[in-house]
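Q: Please take a close look at one part of this model, and then connect it with the surroundings in a single account.

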Amino acid sequence: MYAIIEACGKQYKVSEGDVVFFEKLDTAEGKKITFSNVVLVSNGDEIQVGSPYVKGVKVEGKVISHGKGKKILVFKYKAKKNYRRTRGHRQPYTKVEITSIKTATAKKEAAEAKAE
């Protein structure tokens, strides 16, 4: 089972147990986070596509850590003017482990199992 979620202005393909690097999120380390903007869910042979999002589906994860990516160099240059500037940039990220993908049909099946 996998899902495509929308977070931080980008789309990510995730499945249970994956570790995903998102742009900096305002959640403390060790806390749970829920992504409700699910664009697509695939359960083997069944695919649900949202317009724009699939209703009743949530992806839950746990924040593992925050950090910074590799340094990239930003170099400005103007020809024949002796103008050169070098700056570095490290993009902050949040490392999240996906714990579960909860669908509406899974909730109904769990409720029926408890009722029996």
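A: Phe75 lies in strand β8, residues 72-78, where a strand is a DSSP run of E with at least two residues, numbered from the N terminus. The model is a predicted one, in which local features need pLDDT of at least 70, side-chain atom pairs count only at pLDDT 80 or more, and totals for chains, interfaces and linings use all residues. Residues are numbered from 1 along each chain as its sequence is written, and side-chain values use heavy atoms, with hydrogens and water left out.

Phe75 is in contact (heavy atoms within 4.5 Å) with Arg84, Arg85 and Thr86, leaving aside neighbours within four places in sequence. Between Phe75 and Arg87 there are 6.5 Å from C-alpha to C-alpha, although the two are 12 residues apart in sequence.

Elsewhere, an open sheet of four strands runs in the order β3-β10-β7-β4 with antiparallel pairing; two strands pair if DSSP finds at least two bridges between them. Because β3 (19-23) and β4 (32-35) stand at the edges with a single partner strand each, one side of each has no neighbour in the sheet. From one strand to the next the twist averages 40°, with axes fitted as lines to C-alpha atoms and angles running from 0 to 180 degrees between N-to-C directions.

The antiparallel pairing of β4 with β7 (residues 58-68) extends over four bridges, and Lys32 has Lys62 as its bridge partner in β7. Side chains alternate along β4: Ile33 and Phe35 point to one face and are buried, whereas Lys32 and Thr34 point to the other and are not. Buried means under 20% relative accessible area, exposed over 50%, and partly exposed in between, with a 1.4 Å probe and protein chains only.

The largest nonpolar core (buried Ala, Val, Leu, Ile, Met, Phe, Trp, Tyr and Cys joined through side-chain atoms within 4.5 Å) has 19 residues, and Ile5, Val14, Phe22, Phe35, Val59 and Val96 have the most contacts inside it. Two or more residues each come from β1 (2-7), β2 (10-15), β3, β4, β5 (38-43), β7 and β10 (92-102). Val59 touches residues including Ile5, Val14, Phe35 and Ile98, not counting those up to four places away in sequence.

Strand β5 also holds Ser42, which counts as buried because its relative accessibility is 4%. Beyond neighbours within four places in sequence, Ser42 contacts Met1, Tyr2 and Ile47.
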